[in-house]
Every structure is written in structure tokens, then in C-alpha cells.
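Let's take a friendly walk through a protein fold together. Have the sequence and the 3D view open, and look up each part as we come to it.

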Amino acid sequence: MERFPHVPREAVLKEDLLRTGMAFDDSALSDNLDGEVKPKSYFIFSFDQKPLAELGEAARRRPPEELALTGGAYGLRRTIVSVRVNPSSPYRVARGEDGALGLSLDGRSIADVGLPPMPEYYRHALANGKTVMETAPTIQWGYLIYLTVLRLCQYFGAKEECGFCDINHNWRQHKREGRPYTGVKPVADVLEALDLIDRFDTEGTSKAYTLTGGSVTSTVDGLQEADFYGRYAQAIEERFPGRWIGKVVAQALPRAEVQRYKDYGITIYHPNYEVWDKRLFELISPGKQRYVGREEWHRRILDAAEVFGPRFVIPNFVAGVEMAKPFGFATIDEAIASTTEGLDHFMSHGVTPRFTTWCPEPTTPLGRDNPDGAPLEYHIRLLEAYREALRRHGLRPPPGYGVAGAGNAVFSVSSFMDTLDSDEVTVEEAVPR
Ligand code: SF4
């Protein structure tokens with residue numbers, strides 16, 4: 001914080017929590033769906049730094065989905081952080097003698113902790129008994145409905161799966177523990193869960209939905225990727241026209257298939273490029289390299305900008321993997337220079353990438369070899385580099401993430417929105433109807 005006074009303190013702490021994870025005292029866990037606290041939904045990846053079987057009480061009573069940090073030693077403005085559990089973390093969430101929840105670092109109290117209240121829609125089940133939490137969980141303090149409609153990726157095994165991704169492992173571990181975890185979510189279930197959200201989210205907190213899951217290289221339910229994910233968007237837009245901003249996270253598809261997403265009612269397209277550097281992309285995302293190829297992937301991102309408009313194509317990269325041993329950059333300078341080159345490439349075409357903070361999950365090749373993730377300095381310098389790149393290209397924060405700025409941001413898996421200047425991006429602007 002002292003070395004980078006221009007980066008909000010909130011963002012510095014949040015990055016460290018995301019890369020390191022947090023330990024939870026039993027007193028800070030939820031009562032699953034029976035209590036007052038919204039539990040962690042495991043919405044796509046595990047985002048834990050130990051396997052479920054090693055989480056102790058936190059495997060039986062889920063931790064909260066997110067935390068809201070305030071006040072404390074650094075006078076924090078409200079900071080929403082996604083929960084990544086790590087029993088060995090120096091950060092610990094526990095209840096003090098006065099009963100109030102707090103965050104400590106090596107035993108020193110550093111922030112007050114607020115927990116997400118159980119949303120009313122989580123208290124209602126679907127007619128077939130499935131829960132809204134499993135079918136249509138919300139994250140980002142209720143802003144985003146996260147529809148992982150395909151819980152598996154068809155990039156399979158070490159030669160195809162992205163080196164940082166535990167989607168397939170997460171599916172297996174939840175099945176093994178006997179948790180409800182649906183491989184392909186029926187459209188009717190998704191609509192029924194959304195109906196409950198629409199009915200009980202009376203304050204209109206939910207603003208967007210994301211359709212996602214694994215890559216489809218052949219077919220699912222007889223459908224290719226654009227039609228598989230697109231059919232959900234079509235059904236949602238028919239039933240709830242314009243109620244939420246529709247987003248899809250999927251492969252970079254050829255232009256005609258991208259057009260189909262648009263026609264199905266999607267507003268924002270995330271063809272994630274994961275890591276910019278050519279050598280690292282080939283090593284870290286071998287499935288993407290094999291089925292599409294890096295140059296073609298990048299070309300398709302720019303083609304998609306002609307379909308959706310450049311502001312509505314927002315490819316993600318996983319911040320930190322470019323420093324993962326044994327292949328990654330040896331120095332922070334090189335990693336930042338490479339990533340900035342990627343930002344300049346896309347931003348010079350009006351496309352605004354965004355990033356999530358790498359969580360070194362232990363069952364992934366990169367997490368196994370790098371249990372401590374990337375250095376905090378890298379993450380902080382990336383926040384600076386990202387903000388400078390946006391300014392250099394005259395771009396604003398990407399739409400579909402709520403309001404930017406420390407104290408406002410709800411994007412919980414990276415602090416890029418906490419770092420940018422407050423810039424009211426309204427739903428109306430994000431959905432040009
Ligand atoms: S494309 Fe890569 S990151 Fe996405 S689900 Fe498949 S393996 Fe995971």
C-alpha cells in the first residue's frame with residue numbers, strides 16, 4: 001500500500017485475498033441453505049486452494065459466497081471479495097468476543113466483515129426439488145446470475161484442459177461428495193429458477209446473467225456450441241425480455257456463429273483469451289490452441305466486435321498465470337510488458353479485455369506447481385497497467401459490471417473495477433435496445 005499509493009488500498013487487499021485465499025473459523029461459516037447467510041455456490045470452478053475433502057467443517061457448512069470488507073486498520077470503503085478457502089492462509093475470518101465478524105492477518109485485526117444475506121429466492125426450490133443456488137446462483141453481491149449450464153468442458157485431459165482450470169475436477173469432487181451438481185442444466189429448470197429470482201428480487205439487484213460452462217468441441221444435446229448456449233438465451237429473452245443483460249462466455253467462434261449469439265439475444269460476448277503471450281498460450285491453453293489457434297482466436301475476437309460492437313466484446317484473461325512456473329515469465333517486468341502488449345492490441349480496436357485473479361487450485365497443473373500463485377506486486381502493477389491502458393486508448397470501464405470505483409465495485413474475482421474511477425455505467429447504456 002505504501003509503495004503503490006495510487007492504487008486504492010481496497011484493491012491491494014482484495015488482490016492479496018484472491019491470490020492467497022482465507023481461512024474460516026467455524027463461527028464464520030454459513031448454515032448452508034437453512035440460515036441467514038448466502039452460502040458459497042461453487043458456481044463454476046472450485047475457487048478453493050485445498051480440495052473439498054480437506055476443508056474440514058467448511059466442507060459441511062459452506063463458507064459465505066462473498067465478503068464485504070469495511071473500516072478497520074485501513075479505513076476501507078466497502079469491498080466485495082469472492083471467497084476462496086485456504087485453511088493455511090494468514091488471512092482469517094472469525095467472530096470476535098463481541099460477536100462481530102472480522103478479518104485478521106497473522107492474528108492482527110485489519111477489517112470488519114459483512115456477510116451476504118440469504119436472498120429470498122434461495123429459500124424457494126424448483127418443483128423438482130432442485131435449488132436455485134445450484135441452478136441459477138447469483139454472485140457479485142446479487143448483481144450477476146451465473147448460469148453454468150454445462151458443468152464439464154470437452155477440452156479433456158492434460159493435452160487440452162487449460163492448465164489453471166478445475167472445471168472437470170470440480171464436477172467430479174462434488175459428485176463424489178454426493179452434492180447436487182447438474183452436468184447439463186435443462187432449459188426449463190433455468191427458466192423456473194429465473195422466475196423465482198424475478199419474483200423475489202423485488203429491489204432489482206440482479207442486473208445481468210452469464211451463460212457459460214465448458215467448451216463444446218462436438219455437440220451437447222445434439223447442438224453445436226452457439227446453438228447449445230444460444231437456446232438458453234433465446235428462452236430467457238422470450239420469457240423475460242430485457243429483464244437482464246445477457247452475456248455468454250464461450251469459445252471464439254467464427255463470425256456467422258457469433259452472429260447467432262447476437263440473434264438469440266446475447267448483449268455481451270466473452271471469448272476469453274486467458275493469457276496473451278504466444279508461447280504461454282500454447283502451453284497453458286492447449287485445447288484452445290488445438291481447436292482454434294491463438295492467431296485465429298484473436299482474429300475472431302475482433303470479428304465479434306463488428307457483430308456486437310467493440311464495447312460489448314469483453315475477453316477475459318487470467319491474471320497471474322503468465323508468471324506460473326515452470327513456463328512463465330521469470331520477472332514481473334516481463335509479465336507486465338507482455339500483458340500490456342495484449343491490452344494495447346485489443347484496446348486499440350476499442351475492445352476492452354478484463355481479468356480475473358488467478359486462484360491456484362491444487363488439482364490443476366499450474367496450481368499444483370505454484371501453490372502461492374503469482375506475486376502480489378505483479379497483481380498490483382497489473383491494476384496500474386490496466387488503468388493506464390484504458391486511459392491511453394480513451395476507453396471507459398466495460399459495461400455490465402455495475403459502477404466502478406473503490407466503495408462501489410461489486411465484481412468480486414478481481415479488483416480491476418475497484419481501481420478505476422467511478423463511472424456510472426447504467427443498464428440502459430449496456431443494453432442498447
Ligand atoms: S476452455 Fe479452458 S478454462 Fe474454459 S472450461 Fe475448458 S478447460 Fe476450463
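## The five-stranded sheet

One open sheet here has 5 strands, in the order β7-β8-β9-β10-β11, and its pairing is mixed. At the edges are β7 (138–139) and β11 (268–270), each of which pairs on one side only. Before going further, please keep in mind that this is a predicted model.

If sheets are new to you, one piece of background helps. Strands of a sheet pair through backbone hydrogen bonds, and they do so either parallel or antiparallel.

Let's begin at the β7 edge. β7 and β8 pair in the antiparallel sense, over 2 bridges. You can find this pairing by looking for T138, whose bridge partner in β8 is I145.

Moving on, strand β8 (residues 144–150) runs parallel to β9, and 6 bridges join the two. Here T148 has T212 of β9 as its bridge partner. On the next step, β9 and strand β10 (residues 245–249) run parallel and are joined by 4 bridges. In this pair T210 stands opposite K247 of β10.

How does the chain get from β9 to β10? Helix α6 (residues 225–239) belongs to the connection: β9, α6 and β10 make a right-handed β-α-β unit.

## A closer look at β9

Is strand β9 mostly buried or exposed? Strand β9 covers residues 208–213, and 6 of its 6 residues are buried, so the strand is largely enclosed by the rest of the structure. Try turning the view to see its two faces. A208, T210 and T212 point one way, while Y209, L211 and G213 point the other way, and all of them are buried.

T212 also gives us a way to reach a later part of the chain. N316 and T212 are 104 residues apart along the chain, and their C-alpha atoms are separated by 13 Å. N316 itself lies in strand β12 (residues 316–319). With a relative accessibility of 3%, N316 counts as buried, because the cut-off for buried is under 20%.

## Around the ligand

Where does the ligand sit? Its place is in the largest cavity. The residues around the ligand are C153, Y155, E161, C162, F164, C165, I167, G214, S215 and K288. This shell divides into 6 nonpolar, 2 polar and 2 charged residues.

## The six-stranded sheet

Now for another sheet. This open sheet has 6 strands in the order β1-β4-β5-β6-β2-β3, again with mixed pairing. β1 (23–24) and β3 (76–82) stand at its edges with a single partner strand each, so one side of each is left without a neighbour in the sheet.

Three of its pairings are set out below, each with a residue pair to look for.

| Strands | Direction and bridges | Residue pair |
|---|---|---|
| β1 and β4 (residues 91–95) | parallel, 2 bridges | A23 and R92 |
| β4 and β5 (residues 101–105) | antiparallel, 5 bridges | R92 and S104 |
| β2 (residues 66–71) and β6 (residues 108–114) | antiparallel, 3 bridges | A68 and G114 |

R92 is worth a pause: R92 of β4 is the bridge partner of A23, and R92 also stands opposite S104 in β5. β4 and β5 form a hairpin with 5 residues between the strands, and G99 there takes a positive phi near 90 degrees.

## Unusual spots in the backbone

Which residues other than glycine have a positive phi? F47 is one of them, with phi near 50 degrees. F47 is found in the loop between β1 and α2 (57–60). Its relative accessibility is 11%, so F47 counts as buried.

D106 is another, and its phi is also near 50 degrees. This residue belongs to the loop between β5 and β6. Is D106 buried or exposed? D106 has a relative accessible area of 66%, and because exposed means over 50%, D106 is exposed.

Our last stop is a peptide bond. K325 and P326 are joined by a cis peptide bond, with omega about 5 degrees. You will find P326 in the loop between β12 and α11 (332–347).

Note on methods
Residues are numbered from 1 along each chain as its sequence is written. This is a predicted model: local features need pLDDT of at least 70, side-chain atom pairs count only at pLDDT 80 or more; totals for chains, interfaces and linings use all residues. Side-chain values use heavy atoms; hydrogens and water are left out. Buried means under 20% relative accessible area, exposed over 50%, partly exposed in between (1.4 Å probe, protein chains only). Two strands pair if DSSP finds at least two bridges between them. A crossover is right-handed if, with the strands pointing away from the viewer, the path from the first strand over the helix to the second runs clockwise. A residue is near a molecule or strand if one of its heavy atoms lies within 4 Å of it. On a 1 Å grid over the protein atoms alone, a cavity is a set of points where a 1.4 Å probe fits but cannot get out, and a pocket is an open set with protein on both sides within 12 Å along at least five of seven lines; lining residues have an atom within 4 Å of a point. A molecule sits in a cavity or pocket if more than half of its atoms lie within 2 Å of its grid points. Ala, Val, Leu, Ile, Met, Phe, Trp, Tyr, Cys and Pro count as nonpolar, Asp, Glu, Lys and Arg as charged, and the others, Gly among them, as polar.
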